[in-house]
Amino acid sequence: MVTINDYQGLESAWCPGCGNFGILRAAKNALVELELEPYQVLMVSGIGQAGKLPHYMKCNTFNSLHGRPVPPAVAAKIANLKLTVIAVSGDGDGYGEGGNHFIHAMRRNHDITYLVHNNQIYGLTKGQASPTSDTGFVTKTTPHGAPSPVSPLALAIVTGAAFVARGFAGDVKHLTGLIKEGITHKGFSLIDILQPCVSFNHKNTYEWYRERVYKLSDEGDYDSSDKMVALEKAMEWGDRIPTGILYQQERSTFEEQFPVLAGGTLVEQEINPSNVERLLDEFL
Amino acid sequence: MSLQINVMIGGEAGQGVQSAGFILAKTFSRAGYHVFADQDYESRVRGGHNFFRVRASDSEIAAISESIDILVALNEESIGLHREELNPSGFIIFNADEVKDVADNKLFGVPLTSLAGDKIMLNTVALGAALGILEFDISILEKVLGEQYGKSDSGNANIKAAQAGYDYARKNYKGSFRLKYPHSSGISGKMLLNGNEAIALGAMAAGCKYVSSYPMTPSTSIMEYIAARADEYGIVVMQAEDEVAAINNIVGAGYAGVRSMTTTSGSGFCLMVEGLGLAGITETPVVMVDAQRPGPAVGLPTRTEQGDLQFVLTAHHGEFPRFVLAPANIEDCFRLTAEAFNLADIYQTPVIILTDQYLASSYATVDKFDLSRVLIDRGELYSENPAEYRRHVITESGISPRAFPGMSEALVVTDSDEHDEFGHLTEDADIRNGIVLKRLRKLNGLDRNILKPWRYGNESPEILLIGWGSSYGALCEAVDILKERGMDAGMINLNHLSPFPAEAVADAINNGTRSIVVEGNATGQLASLIRTETGRKVDGKILKFDGRPITPGYIIEKLEKEGL
């Protein structure tokens, strides 16, 4: 029986009080509650404080380049469908440097889960604006204030993501549930996670978020299969910030297009050069 | 001089220049001849000017010839553009329905449009006419047409069109052209294919299971060939959103244990450079094909160059081992691609295959590839206690046995940051030194796998031509021409550029009194590399960077003009 100790990784180098600790706990909880063994899980992270998360767990880990966790993650899933593949980014990593990969992975609907630690700031490089910094947010590199932010959830919904959720690092229990749902969902699952940065973002603090976040599940009649309603919720950002599953639909995955993947994993396929003999004959 | 014929088909994009050229090449190949064919096209789908040259001979040929025996001009423009390339005995087939008032004994008019009925088959009528003049056995062409267009109406209509052109030529051709083509050669069972197809077959034979690429001329047909057969052969081909994704895709699949490849051209490779280093530091096997075209930036998109050599040798910041292979010809495309996957797996490092538009899209007849010679070596795999697995364990050879994530309880951890033996990021100075040296130690093994350069012509010659990659055929033929003129000539052609075969090159240059590098670039990149790697300076350089292939004629002309 897998326990939380099986996922015990290296000692973290995050700042005390960092929102990442809540995300780390929720990720471990989710994997344990889904009874996944560490060897069955692959975490692919980018660069930034979020990118270090897999090192503080214990599972297969590919810590990739800045902005690039999604491309190796989707390909590793194709190579071995048995793996539970989780990509981990920050807002700069995922929505800035990796923006194009983000869009196209959702469009193609690869069967992976994508955790984006969204602290609206660059933490690792000590306090520059990020793609999700609020309009007018003044930083060392944006003395005139940040331009209007990207809305990752709205972008995800219009791009074709089939599972679009938002969690809050300050609510580990709720976040654990979302991560479990995301992993279980067949197809690309985006979980954008509001993550207070205690060192560099003195605006969007735990307190700031706590005053605003609410759970969609508490709104009895919320229908997460209605795309236009979901889009409206995704645009809601101000006095009230929705969390939970904004949008979910069942649609076929990228992997399901390929007959070879229906028959087993790619990595277990035998290699036999003589198989191509018939192709050579076509050139005679 | 052996018996040979050079046919050029010229026309605008959309007129079927490529398909007619291929069918003609296949027809000659089926008749038992050695064939070499190349294509020249512009970056457009309709209009412009394209041509396809087919050279057939009863002896081995590995390059194109600039002079033409028969020009098949599908439009009027082609006549003017290529008239000067005709041999003294050569002539032009043109469309008499469109081009009027010609009084020129080099021109033979065939009413292509009216004989074709449908203008889509104009090219086929012209092929039939060319073979009619040659009194070639038309049944070979009919068989090839049947295979190409199927047994449908389209196939039959094309066969009829070819027959119409053939009959017309037999009846009306009264010219002086007398190069009869005897179709009785003993050579048979040859494959006719281009460089990209050979690379695709090499990858498939080697068990490449995942291809991710962003379409880019002239590499795209590798991806397309595999994609069309992927379901049957258990392969996943993915069109990536960009080249950055493509390289990171194959690194992910390679890490997960699947043989993976990406295909691109120079400026796509520029975007892949970041991921190339990721493969280097994470020690992930990947195979990358750079089918070069002239740069910088978009350059000449549909043309050829050997301008990326110095770039791919050093691309990326930092230091890590890599292989750079440059196939000399179509057999090499197959053989080196298949071997690239072994090298990548054994040394857990990127392998770059450097071809160019010329090699990618030219066709040649080759002996059927011997699949029994394609050996599979996945390198060292970990089979000990999974709980103790260290992905980057420091070993004497520098090679750390691989495990694949999810395939055992061994946890496979790696990082684009510098990492410890377990794969976890670290900034410890001693660990950094140990891991860097471990990665570079693999070079000692890499050295053992260096291929000796191809050699041709005289040993220790007075004139030594030195080339790399696709210029192989042109160099061989240039040597033949020099020898016919009584000169003591030889050549070496490098198909392995990193690690560099320094010893073999130094020996060859020591032996040659005059060493002349022949390269498809403007700065002499191989010449610089030879200087760096061997300390020796070559005596001359023949360079070409107009986007057109190096030909034997060009080499000879340069040797003469520049007194080399």
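Which strands form the open sheet of 9 strands, and in what order do they stand? The order is S9(A)-S10(A)-S7(A)-S8(A)-S4(A)-S3(A)-S1(A)-S2(A)-S15(B), with mixed pairing. Helices (H or I, at least four residues) and strands (E, at least two) are DSSP runs, numbered from the N terminus. Two strands count as paired if DSSP finds at least two bridges between them.

The model is predicted: local features need pLDDT of at least 70 and side-chain atom pairs count only at pLDDT 80 or more, while totals for chains, interfaces and linings use all residues. Residues are numbered from 1 along each chain as its sequence is written, and chains are lettered from A and ligands numbered from 1 in the order in which they are written.

**Stop 1: the two edges of the sheet**

Select S9 (213-215) of chain A and S15 of chain B, the edge strands, each of which pairs on one side only. From one strand to the next, the twist averages 20°. Axes here are lines fitted to C-alpha atoms, for helices over the stretch in contact, and angles run from 0 to 180 degrees between N-to-C directions.

At the first of these edges, S9(A) runs parallel to S10 (residues 241-248) of chain A, joined by 3 bridges. Display Lys215(A) and its bridge partner in S10(A), Thr243(A).

Next, add helix H5 (residues 152-159) of chain A, which lies across S4 (113-118), S7 (163-168), S8 (189-194) and S10 of chain A and runs at about 165° to S7(A). Helix H6 (residues 172-184) of chain A also packs on the sheet, touching S3 (84-90), S4, S7, S8, S9 and S10 of chain A, and its direction makes about 160° with that of S7(A).

**Stop 2: where the sheet passes into chain B**

Move to S2(A). It pairs with S1(A) in the parallel sense over 4 bridges, and 3 bridges join S2(A) to S15 (residues 413-415) of chain B, also parallel. Strands of a sheet pair through backbone hydrogen bonds, either parallel or antiparallel.

Select Phe62(A): Val44(A) stands opposite this residue, and Phe62(A) in turn stands opposite Thr414(B) in S15(B). Asn63(A) has Asp415(B) as its bridge partner.

Are the faces of S2(A) covered or open? Both are covered, with Asn60(A) and Phe62(A) buried on one side and Thr61(A) and Asn63(A) buried on the other. A residue is buried if 20 or more other C-beta atoms lie within 10 Å of its own, exposed if 12 or fewer, and partly exposed in between, with C-beta atoms placed from the backbone.

**Stop 3: the contact between the chains**

Widen the selection to the whole contact, which takes 46 residues from chain A and 52 residues from chain B. Two residues are in contact if their C-beta atoms, placed from the backbone, lie within 7 Å. On chain A, the elements that each supply at least two residues are S1 (41-45), S2 (60-63), H2 (70-79), H4 (99-108), H9 (259-262) and H10 (277-281). The largest share, 8 residues, comes from H2(A).

Colouring this side of chain A by class gives 29 nonpolar, 13 polar and 4 charged residues. Ala, Val, Leu, Ile, Met, Phe, Trp, Tyr, Cys and Pro count as nonpolar, Asp, Glu, Lys and Arg as charged, and the others, Gly among them, as polar.

**Stop 4: chain B as a whole**

Now show chain B alone, with its 18 helices and 21 strands. Its C-alpha atoms fill a box of roughly 85 × 55 × 40 Å along the principal axes. Buried residues make up 57% of its 564 residues.

Colour chain B by domain: domain 1 (4-188), domain 2 (193-373), domain 3 (386-448) and domain 4 (454-561). These bounds come from an automatic or database domain assignment. The centres of domain 1 and domain 4 of chain B, taken over C-alpha atoms, are separated by 34 Å. Between them, 5 residues of domain 1 are in contact with 9 residues of domain 4.

**Stop 5: a sheet and a helix of chain B**

Select the open sheet of 8 strands in chain B, ordered S6-S5-S4-S1-S3-S2-S14-S7 with mixed pairing. S6 (107-110) and S7 (190-194) of chain B stand at the edges with a single partner strand each, so one side of each has no neighbour in the sheet. Within the sheet, 2 bridges join S2 (residues 34-40) to S14 (residues 363-367) of chain B, which run antiparallel. Ala37(B) has Tyr363(B) as its bridge partner.

Finish at helix H7 (residues 195-205) of chain B, where 11 of its 11 residues are buried. Among them are Glu197(B), Ile199(B) and Met204(B). Just after H7(B), Gly207(B) takes a positive phi of about 85°.
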